[in-house]
Every structure is written in C-alpha cells, then in structure tokens.
Amino acid sequence: MAFLSLNCTFAPTMKKIIYQKYDKSLIGELPRVSFNGRIVVVLSEQEANRAVEYLLSRPILGFDTETRPSFRRGHVNEVALMQVSDERICFLFRLNLIGMLPCVVRLLEDTTVPKVGLSLHDDLMMLHRRGPFKQGWFIDLQDLVGEIGIEDRSLQKLYANIFHERIVKRQQLSNWEAPVLNDKQKSYAATDAWTCIKLYQEVCRLRETGDYEWIAAEEEPAEDAK
C-alpha cells in the first residue's frame, strides 16, 4: 500500500517566559486569580475529623496559615487559621476556636500525602506554639523555584511570574480571630493554599520538560568611580 507524502510544517510551541526576578510594579496590571472551588469553615471536632479524612484521601494538598496581626512591639498572636486545600475544596480550620485537635495533629504528622506551602518554617513554628507534633510530609516552594532560576520568594510574585495572574493580598492583615470570617477573608485564605498546588505542579513540569525561557534580572548600573 502506498502512503501519501505530506510536506507539513508545524509551528514550534511557545515556551513559557519566566524571570529571575519579577517586576513588582507590573503585578497591579495582571488579571486577578481566586479560588473558585468550595470553601468549608471548620468549627467543631466532628467537622475537623471529616475534613481530615477527606484531605488524607487526596493526592496533594496546598497549605497555609493566618495569624491576627499584632501592632504591639514584642507581642505575637498565636496562629488563628490553618487552610488546607485540594484542587476542589479548601478547609479553613479555625484553630483559635477548636485548638490543636488530635485529627489536626494527625494531618500535620501525616507522611503519605505531600502538603505544599511557602515559607513553611514560619507556619510550622507558629503551629508548634499551639501544640506539639512531629512534622510530616511538607514541601516548601522556596526550595524548588531556585531550580528553574527564580529568585522571587513571595507567593504573589511567584504566581505573577509563572502564571501572569495577580493574587490580591488586601486581607493579609485583617482580623483572623474575628467571630465570623467574612467572604473576602475566606476567599483570600483559600486562594493562598490552592495556588501552592498550582505552583508546585507547574514548577515540576517546567523543571522536567525545560519548556521555558529564563530572563535574567537587569543589573543595576554601577556608580561611577570618583
């Protein structure tokens, strides 16, 4: 059987542009990103048990915490919120109300499901102030992004660099010990946890495929010698 010879050309796939350092002044012009899944506020031990059972059945989790800001020198509040998300549901554990329940400790000590976050040393240190636990399987994005040449370390700059979208940070310094969290607080908390999953998956993909073009930061001009 004869086969037709087709003289076809295919356009090369555009590689993703990533920067050694992303220009923070450009972030305000980017489209906003927010978690559009289900957000569940955990207020009791029964709810916490159900949440942990679900989360530990998932393949990967995003992780973050929030603490009420203190405006008194030398005073630091205890962590008030622990948000843990998969790609569809984010659970907001109100630790200031329910404390370090056994199921919360179980989640933190788990070694079967990776929990991805950013600057996890600070989060885990604050959680240790609430109660003792042995650290389970956690992955810090700050340990990974350097492998593809990124020097940014904030979640907002990393997300803007890799996805060209903007994480809004207005709720960061809000009252995380309020009797009821408002919708903006819940969306902010869930977005921070969920975007850690997306960043991890994309950084791993770029690292494995090399499907990116790296742009070095411009060097600041040296002062003229006098």
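**View 1. Ser25, out on the surface.** A residue counts as exposed when its relative accessible area is over 50%. In this predicted model, Ser25 has a relative accessible area of 54%, so Ser25 is exposed. You'll find Ser25 in the loop between strand 1 and strand 2. If you want a sense of distance, try Val116: the two residues are 91 residues apart in sequence, and their C-alpha atoms are 27 Å apart in space.

**View 2. The whole protein, before zooming in further.** Let's step back for a moment. The protein has six helices and eight strands. Following the sequence from its start, they come in the order β-β-α-β-β-β-α-α-β-α-β-α-α-β. The C-alpha trace spans about 75 × 70 × 30 Å along its principal axes. Of the 226 residues, 47% count as buried.

**View 3. Tyr19 and Tyr22, an edge-to-face pair.** The structure holds six aromatic pairs, and one of them joins Tyr19 and Tyr22. Their ring centres are 5.9 Å apart, with 75° between the planes. Why edge-to-face? Planes over 60 degrees apart get that label, and the angle here is 75°. The two partners sit in rather unlike surroundings: Tyr19 is partly exposed, with a relative accessible area of 31%, whereas Tyr22 is buried, at 7%.

**View 4. Phe35 and Trp194, a tilted pair.** Here the ring centres lie 5.7 Å apart and the planes meet at 55°, so this pair is tilted. Which parts of the chain does the pair tie together? Phe35 belongs to the loop between strand 1 (16-19) and strand 2 (38-42), while Trp194 belongs to helix 6 (residues 183-209), so the contact links parts that are 159 residues apart in sequence. Both Phe35 and Trp194 are buried.

**View 5. Two lysines over two phenylalanine rings.** In this close-up, look for charged ends sitting over rings. Lys115 has its charged end over the ring of Phe138, 5.6 Å from the ring's centre. Lys198 does likewise with Phe163, where the charged end is 4.9 Å from the centre of the ring.

**View 6. The largest pocket and its lining.** There is about 550 Å³ of space in this pocket. Its lining is made of 26 residues, and Thr65, Glu66, Thr67, Asp123 and Gln172 lie nearest the centre. Which elements supply at least two lining residues each? They are strand 3 (61-67), helix 4 (120-130) and helix 6. Strand 3 gives the most, with five residues. As for the chemical mix, the lining divides into nine nonpolar, nine polar and eight charged residues.

**View 7. The largest nonpolar core.** This core has 36 residues, and the ones touching the most other members are Val116, Leu141, Ile150, Trp176, Leu199 and Tyr200. Strand 4 (79-85), strand 5 (89-94), helix 5 (155-163) and helix 6 each give two or more residues to the core. Which element gives the most? That would be helix 6, with twelve residues. You've met helix 6 already, as the home of Trp194 and as a supplier of the pocket lining.

**View 8. Arg94, a buried arginine.** Arg94 lies in strand 5. Is Arg94 buried or exposed? Buried means under 20% relative accessible area, and Arg94 has just 1%, so Arg94 counts as buried. For a landmark, pick Ala48: Arg94 and Ala48 are 46 residues apart along the chain, and 9.7 Å separates their C-alpha atoms.

**View 9. Ser119 and His164, two residues with positive phi.** Most residues other than glycine have a negative phi. Ser119 goes the other way, with a phi near 55°. Ser119 is in the loop between strand 6 (115-117) and helix 4, and at 22% relative accessibility Ser119 counts as partly exposed. His164 also has a positive phi, near 55°. Where is His164 found? His164 is in the loop between helix 5 and helix 6. With 33% relative accessibility, His164 counts as partly exposed.

Conventions: Residues are numbered from 1 along each chain as its sequence is written. This is a predicted model: local features need pLDDT of at least 70, side-chain atom pairs count only at pLDDT 80 or more; totals for chains, interfaces and linings use all residues. Side-chain values use heavy atoms; hydrogens and water are left out. Rings of Phe, Tyr and Trp (its six-membered ring) pair if their centres lie within 6.5 Å; planes under 30 degrees apart count as stacked, over 60 as edge-to-face and the rest as tilted. Buried means under 20% relative accessible area, exposed over 50%, partly exposed in between (1.4 Å probe, protein chains only). Helices (H or I, at least four residues) and strands (E, at least two) are DSSP runs, numbered from the N terminus. A charge sits over a ring if NZ of Lys or CZ of Arg is within 6 Å of the ring centre and within 35 degrees of the ring normal. On a 1 Å grid over the protein atoms alone, a cavity is a set of points where a 1.4 Å probe fits but cannot get out, and a pocket is an open set with protein on both sides within 12 Å along at least five of seven lines; lining residues have an atom within 4 Å of a point. Grid points are joined across faces, edges and corners, and a volume is the space filled by probe spheres set on the points. Ala, Val, Leu, Ile, Met, Phe, Trp, Tyr, Cys and Pro count as nonpolar, Asp, Glu, Lys and Arg as charged, and the others, Gly among them, as polar. A nonpolar core is a set of buried Ala, Val, Leu, Ile, Met, Phe, Trp, Tyr and Cys residues joined through side-chain atoms within 4.5 Å.
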